[in-house]
Amino acid sequence: KEDALIEYRKEITKNPDNIPAYVKIAENYYQKGRFKEAKREYEAILRLDPNNIYAKQMLERIEQQKISP
């Protein structure tokens with residue numbers, strides 16, 4: 001999975017508007033419980049596409065994780 005993150009980062013370097021690459025990175029972090037990093041990636045998606053419903057939903061989930069014990 002770390003190799004995949006490196007590949008997705010390379011894709012973003014080539015094309016900074018590559019939303020699918022940001023999604024894959026964010027999902028990877030989220031699945032590992034690395035919510036701070038996932039949040040950063042979902043926020044990057046919203047900077048590129050402020051109406052991205054998936055990123056908004058995932059940010060809400062991350063906020064819910066912080067509230068839950």
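Lys and Arg count as positive and Asp and Glu as negative, while His and the chain ends are not counted. The place of a charge is taken as NZ of Lys, CZ of Arg, CG of Asp or CD of Glu.

The model is predicted: local features need pLDDT of at least 70, side-chain atom pairs count only at pLDDT 80 or more, and totals for chains, interfaces and linings use all residues. Residues are numbered from 1 along each chain as its sequence is written, and side-chain values use heavy atoms, with hydrogens and water left out.

**Exercise 1. State how many positive and negative side chains the protein chain has, and how far apart the centres of the two sets lie.**

Step 1. With the rule for charges above, the protein chain has 14 positive and 12 negative side chains.
Step 2. The centres of these two sets lie 3 Å apart.

**Exercise 2. Describe the secondary structure and overall dimensions of the protein chain.**

Step 1. Helices (H or I, at least four residues) and strands (E, at least two) are DSSP runs, numbered from the N terminus.
Step 2. By this rule the protein chain has four helices and zero strands, in the order α-α-α-α along the sequence.
Step 3. The radius of gyration (taken over C-alpha atoms) is compared with the globule rule, 2.2 Å times the number of residues to the power 0.38. For 69 residues the rule gives 11 Å and the protein chain has 12 Å, which is close, so the chain is as compact as a globular protein of that length.
Step 4. Along the principal axes, the C-alpha atoms fill a box of roughly 40 × 30 × 15 Å.

**Exercise 3. Find the largest nonpolar core and say which helix gives the largest share of it.**

Step 1. Buried means under 20% relative accessible area, exposed over 50%, and partly exposed in between (1.4 Å probe, protein chains only). Of the 69 residues, 33% count as buried.
Step 2. A nonpolar core is a set of buried Ala, Val, Leu, Ile, Met, Phe, Trp, Tyr and Cys residues joined through side-chain atoms within 4.5 Å.
Step 3. The largest such core has 19 residues, and A38, Y42 and I45 have the most contacts inside it.
Step 4. Two or more residues of this core come from each of α1 (2-14), α2 (19-31), α3 (35-48) and α4 (53-67). Helix α2 gives the largest share, eight residues.
Step 5. Contact means heavy atoms within 4.5 Å. Not counting residues up to four places away in sequence, A38 touches A26, Y29, Y30 and I62.

**Exercise 4. For E11, R34 and K66, decide which are exposed and which partly exposed.**

Step 1. E11 belongs to helix α1. Its relative accessible area is 32%, so E11 is partly exposed. Beyond four places in sequence, E11 is in contact with N18 and A21.
Step 2. R34 sits in the loop between α2 and α3. At 31% relative accessible area, R34 is also partly exposed. Residues up to four places away aside, R34 touches E2 and Y29.
Step 3. K66 lies in helix α4. With a relative accessible area of 52%, K66 is exposed.

**Exercise 5. Set sequence separation beside C-alpha distance for L46 and I19, and for K66 and F35.**

Step 1. L46, in helix α3, is 27 residues from I19 in sequence and 9.3 Å from I19 in space.
Step 2. K66 and F35 are 31 residues apart in sequence, and 8.9 Å separates their C-alpha atoms.
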